[in-house]
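Okay, thanks everyone, I'll keep this short. Let me put the sequence and the model up, and then we'll walk through the fold, the core and the pocket.

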Amino acid sequence: MSVVCDKNKVLVIIKAMAEKLISEKEYLTELDTKIGDGDHGISMERGFSAIQNKLPEIEDKDIGTILKTLGMTLVSSVGGASGPLLGTAFMYAGNQVIGKESLNLEDGAKIAKAALDGVLKRGKANLKDKTMVDTISPVVDFLNSSEVEGKDALEILKSVEEIAKQGMESTKSLMALKGRASFLKERSIGHLDPGAVSSYLIIQTIVKELLITFSEG
């Protein structure tokens, strides 16, 4: 299977991801103020600023080590649930590609599934609990299904972005069953879950950067 992403592109994606999450601080904070404790945007800014500072130290490492370091940085720099959950996702993903200098679509599917496994193990959330799982799980199901057979990378990437967006948007109609938002019960309905939104922004950035690569190629 052909390469879709080398190590240099992984670093570009991580930098773009950090810039995106930091730039959306106010929006994520606004979302979290409605159903949480109002610190999700602040937490994402803190965590991804720490990642920006860490990247120069790991640019010469393999992709697995880069992803694991990214995860450990999030866990150690962000309090609450979001840092440990996202951090665990990246650490689990990194474990799948230790030693690799490039990735193909099959690697991408493995990474996505491992990331979800990490979130599920740490957060104990299920689909439709109004969490980041609602954004990530449908993407993982798609990437590991027969639907990807016969499709080129461009088609798959566009589908991934749309599926993640639909998953994120689905949280608006759900009642929160996990985290601080669950205390609101029915009053949590009608609001997007901040973790689902930040997870979508991460996936959106990955897709956008990979599409740039394909357009240049």
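So, when I say helix or strand here, I mean a DSSP run: H or I over at least four residues for a helix, E over at least two for a strand, numbered from the N terminus. Keep in mind that this is a predicted model. On that count, the chain has 9 helices and 2 strands, and going along the sequence you read β-α-α-α-α-α-β-α-α-α-α. The radius of gyration is 16 Å, close to the 17 Å from the globule rule for 217 residues, so the chain is as compact as a globular protein of that length. Along the principal axes, the C-alpha atoms fill a box of roughly 50 × 40 × 30 Å.

Now the inside. Half the chain, 50% of the 217 residues, is buried. The largest nonpolar core has 58 residues, and Leu21 is one of those with the most contacts inside it, along with others including Phe48 and Val160. What does Leu21 touch, leaving aside its neighbours within four places in sequence? That would be Leu28, Met44, Phe48, Ser198, Leu201 and Ile202.

Last stop, the largest pocket, at about 540 Å³. It's lined by 27 residues, and closest to the centre you find Ala81, Ser82, Gly179, Arg180 and Asp193. As for the lining by class, we have 9 nonpolar, 10 polar and 8 charged residues. Helices H2, H3, H5, H6 and H9 each put at least two residues into that lining.

Okay, that's me done.

Methods: Residues numbered from 1 in each chain as written. Predicted model: local features only at pLDDT ≥ 70, side-chain atom pairs only at ≥ 80, totals over all residues. Heavy atoms only, no water. 1 Å grid on protein atoms, 1.4 Å probe; cavity = no way out; pocket = protein on both sides within 12 Å on 5 of 7 lines; lining within 4 Å. Points joined across faces, edges and corners; volume = space filled by probe spheres on them. Nonpolar A, V, L, I, M, F, W, Y, C, P; charged D, E, K, R; others polar. Core = buried A, V, L, I, M, F, W, Y, C linked by side-chain atoms within 4.5 Å. Buried < 20%, exposed > 50% of the residue type's maximum accessible area, 1.4 Å probe, protein only. Contact = heavy atoms within 4.5 Å. Rg over C-alpha atoms; globule rule 2.2 N^0.38 Å.
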